[in-house]
Amino acid sequence: MNNFEYISPSSIKEASSKYKKTKTPVAFMSGGTDLLGMIKYGQINPDRVINLKKIAGLDKIENIAGKGLKIGAMTKLSRIADNKIIREKYTALSDAALKVAAPQIRNMATLGGNICQRPRCWYYRENFDCIRNNGGECFAYEGENKFHCIIGGGPCYIVHPSDTAVALLALGAEFIIFAEGKEKIVKAENFFILPEDDPLKENILEPGDVLTHIIIPESPDAKSGYLKIMERGSWDFALVSVAVSLNITGKTIKSGKAVFGGLAPAPWIEKSISLENLGLEESNIDKRTENAFAGAEVLTKNGYKVQMAKNALKKLLLSFA
């Protein structure tokens, strides 16, 4: 592990400035649950680490009447999982936060950090000369790819590891980003990028940009939930996950959105699946999802994810029947 300079700025503006005023590698730190491990094992080697923990206002949960919820990016996942308003009105996010790792991790990890975490591909993490490590090949394509993506991949076949990002897309969230000295707002679905756009990045953040807040619009009549399928019973990343936000009348979904995790290099909205006017019976759901993921590029060991994703969505939808 390299020695590095450790800085704790008191404002977002100062943090961004400290990032941009050096030509050497820099890293922002929120909870540090992933970053410190990557530094320790030489996966990244920053000369400067900028701690965001002392910046006031980034760990608040604000319920704004008539508008929705505003959550600071430094808010701990344990607080999100336990928050009464989130549990009742934005259940998918509470469920997703509760499924992240172990309680000790949730007490340290932040919402912003979970959204922006790096991929868990073992070739990338073990410093293979792969595309994500500035090499020329994705070793997962013909290698050990049981956990890798089935859609949206190429030239790199990672999956995005965040649980909360999947829920936030389903809930129609927006992200506030401090960039170039001012704030800008982007839709959550426009925050993430695929390897075909940039094989070295997972999101639109540029050097010095900071994700500061997450906004979830109020939707009084909507119901939401999150389901995660893991190889181990707990403390694991998703083989497949799905979050939904639904407007239901009786036993019919009038409108809704489903977002999948574990399938793609970004939280994935499968456009072939429509939930509009869907009766909450198993046969109806099977028929509606029959041709889903027709464009999947299944690798040698991950074809199971296609049917698993359909079954995960069915199980979650039937929980609202």
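## A walk through the structure

Let us start at the second largest pocket, which has a lining of 22 residues, with R120, F147, V159, F237 and A238 lying nearest its centre. This is a predicted model, and the pocket in it has a volume of about 410 Å³. What kinds of residue make up the lining of this pocket? Nonpolar residues account for 11 of them, while six are polar and five are charged. Strand 10 provides the largest share of the lining, namely three residues. Both strand 10 (238-249) and helix 8 (122-125) supply at least two residues each.

Helix 8 also leads us to a loop worth a visit, the one between helix 8 and helix 9. N127 is found in this loop, and N127 has a positive phi of about 60 degrees although it is not a glycine. P155 lies in the loop between helix 8 and helix 9 (164-170) as well. Look at the peptide bond that runs from G154 to P155: it is cis, and its omega is near 5 degrees.

Now go back to the beginning of the chain, where you can find an open sheet of three strands. Its strands pair in parallel and follow the order 1-3-2. Which strands stand at the edges of this sheet? They are strand 1 (5-7) and strand 2 (26-29), each of which pairs on one side only. From one strand to the next, the twist averages 20 degrees. Strand 2 and strand 3 (residues 48-51) run parallel and are joined by four bridges; to see one pairing for yourself, find A27, whose bridge partner in strand 3 is V49. Helix 1 (residues 12-20) lies across strand 1, strand 2 and strand 3. Relative to strand 2, helix 1 runs at about 155 degrees.

Further along is another open sheet, this one with five strands. Here the order is 4-5-8-6-7 and the pairing is antiparallel. Strand 4 and strand 7 (182-187) each have a single partner strand, so one side of each is left without a neighbour in the sheet. On average, and with direction ignored, neighbouring strands of this sheet are turned by 25 degrees against each other.

A good way into this sheet is the hairpin of strand 4 and strand 5. Strand 4 (residues 61-64) runs antiparallel to strand 5 (residues 68-72), and four bridges join them. Three residues sit between the strands of the hairpin, and G66 takes a positive phi near 80 degrees there. I71 is a handy residue to follow from here. In strand 5, I71 is the bridge partner of I61, and I71 also stands opposite I214 in strand 8. Strand 5 pairs with strand 8 (residues 210-217) in the antiparallel sense, over five bridges.

Our last stop is a pair of helices. Two packed helices are described by the angle between their axes and the distance between the axes. For helix 10 (residues 282-289) and helix 11 (residues 304-318), the axes come within 10 Å and cross at roughly 145 degrees. The crossing of helix 10 with helix 11 is right-handed. Which residues make the contact? Helix 10 contributes E282, I285, D286 and T289, and helix 11 contributes K310, L313, K314, L317 and L318. Sorted by kind, the residues of this contact are four nonpolar, one polar and four charged.

Notes. Residues numbered from 1 in each chain as written. Predicted model: local features only at pLDDT ≥ 70, side-chain atom pairs only at ≥ 80, totals over all residues. Heavy atoms only, no water. Pairing = 2+ DSSP bridges. Axes fitted to C-alpha atoms, helices over the stretch in contact; angles between N-to-C directions. Contact = heavy atoms within 4.5 Å. 1 Å grid on protein atoms, 1.4 Å probe; cavity = no way out; pocket = protein on both sides within 12 Å on 5 of 7 lines; lining within 4 Å. Points joined across faces, edges and corners; volume = space filled by probe spheres on them. Nonpolar A, V, L, I, M, F, W, Y, C, P; charged D, E, K, R; others polar. Left-handed = near helix turned anticlockwise from the far one by under 90°.
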